[in-house]
Structure formats: structure tokens, C-alpha cells
Amino acid sequence: MTSRCIRLVLAVLAMALTASPAAAQEQPTDSARIAELERQVAAITEQLEELLLGREVVAQADTAMFGLGPGASKVYRVRQGVSIAGYGEMLYERFASEREDGTPSGIRDQLDYLRAILYVGYKFNDRFLFNSELEFEHGSTDQAGSVSVEFAYLDYLLSPAFGVRAGMLLPPMGFINELHEPVVFLGTERPETESRIIPSTWRENGIGVFGGVAGLSYRAYLINGFDGVGGGSSKAGGFSASGLRGGRQKGSKAVAEDFAAVARVDYEAVLGLTVGGSAYVGKAGQGNSSPSAPGQTIGARTVIAEGHVQFRAYGFDVRGLAAVATVDDVAELNAAKGLAGSGSIGERLVGWYVDAGYDILHGVDTSHRLTPYLRYEQIDTQDKVPAGFTADPANDQDIVTIGISWRPITNIAVKADYQIRRNAADTGVDQVNVYIGYLF
């Protein structure tokens with residue numbers, strides 16, 4: 001046991017004696033003092049857990065709050081007033097000159113300043129706060145870039161167990177949609193499953209509730225639905241053969257003929273181990289007319305369900321996720337969008353992946369973390385298509401990612417990996433990625 005650990009244990013014992021029944025008899029009405037002692041004991045207990053289980057667990061548990069990443073949840077940790085945080089990402093992609101079938105890939109290498117993010121929040125008091133994320137993508141709006149509000153909401157915190165949230169919200173599905181800061185996930189690129197099936201980063205307008213107690217946390221929102229056809233006031237592109245991503249309305253003049261419900265539950269069984277799941281259900285027709293039934297509208301009921309597990313302790317960082325989505329009335333969506341043949345939207349989309357990494361410097365007295373990692377992923381965005389259409393085999397993919405992450409301090413990540421991309425059409429293109437990310 002280290003000298004630091006011994007000092008912490010002694011401090012806990014001293015506090016326990018101070019808060020003993022004998023001390024309480026001397027000052028029976030000093031409830032504020034007892035509450036403060038309990039808070040200090042809880043804080044020291046957390047430090048002891050950090051020593052025993054490793055830096056990653058407590059760092060995340062101490063800073064990520066109410067489903068948001070460390071930077072995004074900074075406003076919850078200030079006493080009152082303004083909070084500012086943010087992150088940034090830069091990615092270099094070098095593509096193989098040939099596809100897996102030996103034909104030229106024709107893809108040119110790319111160096112992109114992916115994102116510069118600014119979180120701005122304001123805590124009015126212990127009950128009310130405002131939180132927002134402003135996103136600058138791809139360097140400049142004069143080129144391929146854009147500026148967006150990623151989320152912006154008001155919270156009313158009645159207690160840690162229950163709060164109300166309203167505004168532009170992140171649907172609480174999967175890992176990446178809420179926790180997409182550079183130091184939180186392994187890999188230079190986000191998993192395809194959490195881009196095409198769970199269309200991260202995904203935000204919509206709505207209202208809901210959130211909270212947690214005794215290791216159990218939840219979030220449940222009512223939001224505007226997808227626009228599966230596209231072309232409405234939000235200028236969404238609609239669903240496609242590659243997935244649901246184009247149906248996002250992003251809070252921008254969202255067509256609100258159809259709404260959706262989304263909910264999530266997580267349980268931290270032991271410190272470092274979290275299991276959970278989420279589900280989304282809602283229509284995506286948004287009032288578009290049915291091509292086959294004049295006077296009627298397209299329903300396009302869309303369901304997404306996912307389950308996930310994560311273990312972060314003793315230097316290990318392991319997570320797994322499986323997702324499935326179904327879309328009704330796809331033949332009508334295809335007709336409304338003019339899709340034919342292998343261009344059909346999928347009636348069923350499936351995907352799953354496993355990430356695993358280990359900090360080889362775990363247990364060493366250093367701020368550095370050096371984590372080799374491996375990801376295996378399978379995804380098929382046309383696992384099922386309507387009669388009369390065919391599936392494009394290029395959408396049935398297997399991706400293996402082998403890489404390493406170096407974090408000189410907690411808030412900076414340098415990553416490099418090699419991706420082996422295969423699909424049923426033999427047109428996959430391997431690539432090498434190098435990534436720099438920061439969080440403040």
C-alpha cells in the first residue's frame with residue numbers, strides 16, 4: 001500500500017471517529033457539519049477506488065454527468081455562472097491504391113480538421129441551467145465546412161434522481177452519440193454502426209426526463225421524428241441504401257408531422273462495468289403523400305434498438321454494442337425518392353462491434369497512457385429489402401481496426417490505426433489513419 005493510500009485511509013478513519021455517536025452527542029444539532037463530513041468521506045472513498053481500479057474509471061465517473069462527456073458536462077460542476085469547455089480533432093487518412101479485388105481505388109488521401117467544438121453553459125442556480133455545443137466542422141464554411149448547434153437545452157434539476165430537459169437534444173442511443181469527445185473512445189474514426197444505424201452525431205428538438213439512483217441511470221425524450229423521404233423544410237436528405245443518417249433533421253426547421261420516443265437505461269453493476277440499452281420508435285413519413293394510395297400519407301414507422309456493455313478498469317478499456325433497425329413502408333419510400341434496384345432503403349439494418357484496448361503503462365507512476373487497441377465490426381444496411389429490389393453487396397461490410405493511442409495527459413489523445421475493410425462486393429479499400437484530439 002502506497003504512502004498516499006495510507007494517508008487517505010487514516011483520513012477516513014479520523015473522519016469516521018469525528019462523526020461517531022459520541023461526537024454527535026456533543027453537537028446533536030450540527031446537521032450541516034455531519035453532512036459535510038459525509039461528503040468528504042465519499043470523496044476520499046472515490047480516491048481510494050481510483051488507486052485500486054485505475055485512472056480511467058474514476059476520471060470518467062467523476063467528470064461525465066447525466067449522459068454527457070467530460071467537457072459537455074462541465075456546466076454541472078460549476079457553482080454558478082458561465083462554464084466554457086471544448087474539444088478538437090484532426091484526421092489524416094491515407095487510402096490504399098487498390099480495392100480488395102485488385103482494381104484501382106481512385107481515392108485520394110485526405111487531411112481534415114474534423115471539428116472545433118465549443119461548449120458554453122450557464123448555471124442559474126442549483127435547479128436551472130443552460131448547456132450548448134457549437135460545432136465548427138471541416139475548417140471553413142468557404143470550403144467543405146459548416147457551423148452548427150450540436151445541442152442546446154435547458155435543465156430543471158429537481159434532484160439527482162429526476163430532472164426535466166428541453167431544447168435541441170442528443171437522442172441517448174449507443175456510446176458515441178452522447179460521448180463523442182476524443183479521449184472517451186478508442187479509434188481514430190467512429191464505428192460505422194454508430195454512424196449509419198445510430199446516426200451519430202444525431203440531434204433533434206424535444207423534451208424529456210433524466211436522472212439516476214444507486215448505479216441506475218435513465219433518459220427518456222419525446223422528439224421530432226426522422227424525415228425518411230427528405231426534401232422538407234429541414235432540407236434533410238432522407239433515408240438511403242447506406243443507412244438512416246440522411247433522415248436526421250438536426251433541429252433546423254424540422255418537419256414535425258411525426259414524433260418519436262427514445263429512451264435509455266444503464267446500470268453500473270460494479271465500478272468500471274456498465275451494461276445498458278436504448279430504443280427509438282417513431283414514424284418518418286412526415287406527411288409525405290403515398291405514391292400508391294392517393295390521399296394517404298406514408299407512415300414509415302422506424303424502430304432502432306441497441307444493447308451495450310463497457311468495462312473500464314485495471315488498465316482495460318473494452319466495449320461492445322449491437323444494433324438493429326427496421327423501417328416500414330420502404331417500397332413507398334423508395335417510390336417517393338425515385339430509388340430502384342440495389343438503391344433501396346433497407347427494411348432491416350444490423351450492425352455490431354467490439355472494441356478492446358489495454359494501457360500498457362497502467363500501474364506505472366506516469367501521466368502517460370499508451371493503449372494498443374483492436375476493433376472488429378460487422379454492418380449491413382440492407383440486411384433485408386422489399387420484394388422487387390436487390391441489396392447492394394457493398395453495404396455488407398466487415399471492418400478490422402488495429403491501432404494505438406497515446407495520451408501524454410488526460411486531455412490529449414494521439415492515435416494511429418490501420419483499417420482492413422472488406423465487403424461482399426470485394427470493393428473494400430484499406431486505409432491508414434493518424435489522429436490528434438484534445439479536450440478542455
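A cavity is a set of grid points where a 1.4 Å probe fits but cannot get out. Keep that in mind as you tour this predicted model.

**Stop 1: the largest cavity**

How many cavities of 30 Å³ or more are there? The count comes to 4. Start with the largest cavity, which holds about 150 Å³ of space. Its lining has 18 residues. Select Leu186, Arg312, Asp317, Thr371 and Arg407, the ones nearest its centre. Now colour strand S11 (316-327), strand S13 (369-384), strand S14 (396-407) and strand S15 (412-423). Each gives two or more residues to this lining. By class, the largest cavity is lined by 7 nonpolar, 4 polar and 7 charged residues.

**Stop 2: the second largest cavity**

Move on to a space of about 50 Å³, the second largest cavity. Select Leu68, Phe151, Tyr153, Arg165, Leu169, Leu170, Glu178 and Tyr221 to show its lining. Strand S4 (146-159) and strand S5 (162-169) each supply at least two of the lining residues. Which classes appear here? The lining has 6 nonpolar and 2 charged residues, with no polar ones.

**Stop 3: the second largest pocket**

Next comes an open space. The second largest pocket holds about 970 Å³. Of its 37 lining residues, select Glu93, Glu189, Glu192, Ser195 and Arg245, the closest to its centre. Then highlight strand S1 (81-95), strand S2 (110-123), strand S3 (128-137) and helix H5 (193-197). Each supplies at least two lining residues, and S4 and S15 do so too. Strand S15 should already be coloured: it also contributes to the largest cavity. Finish by colouring the pocket lining by class: 7 nonpolar, 13 polar and 17 charged residues.

Note on methods
Residues numbered from 1 in each chain as written. Predicted model: local features only at pLDDT ≥ 70, side-chain atom pairs only at ≥ 80, totals over all residues. Heavy atoms only, no water. 1 Å grid on protein atoms, 1.4 Å probe; cavity = no way out; pocket = protein on both sides within 12 Å on 5 of 7 lines; lining within 4 Å. Points joined across faces, edges and corners; volume = space filled by probe spheres on them. Helix = DSSP H or I, 4+ residues; strand = E, 2+ residues; numbered from the N terminus. Nonpolar A, V, L, I, M, F, W, Y, C, P; charged D, E, K, R; others polar.
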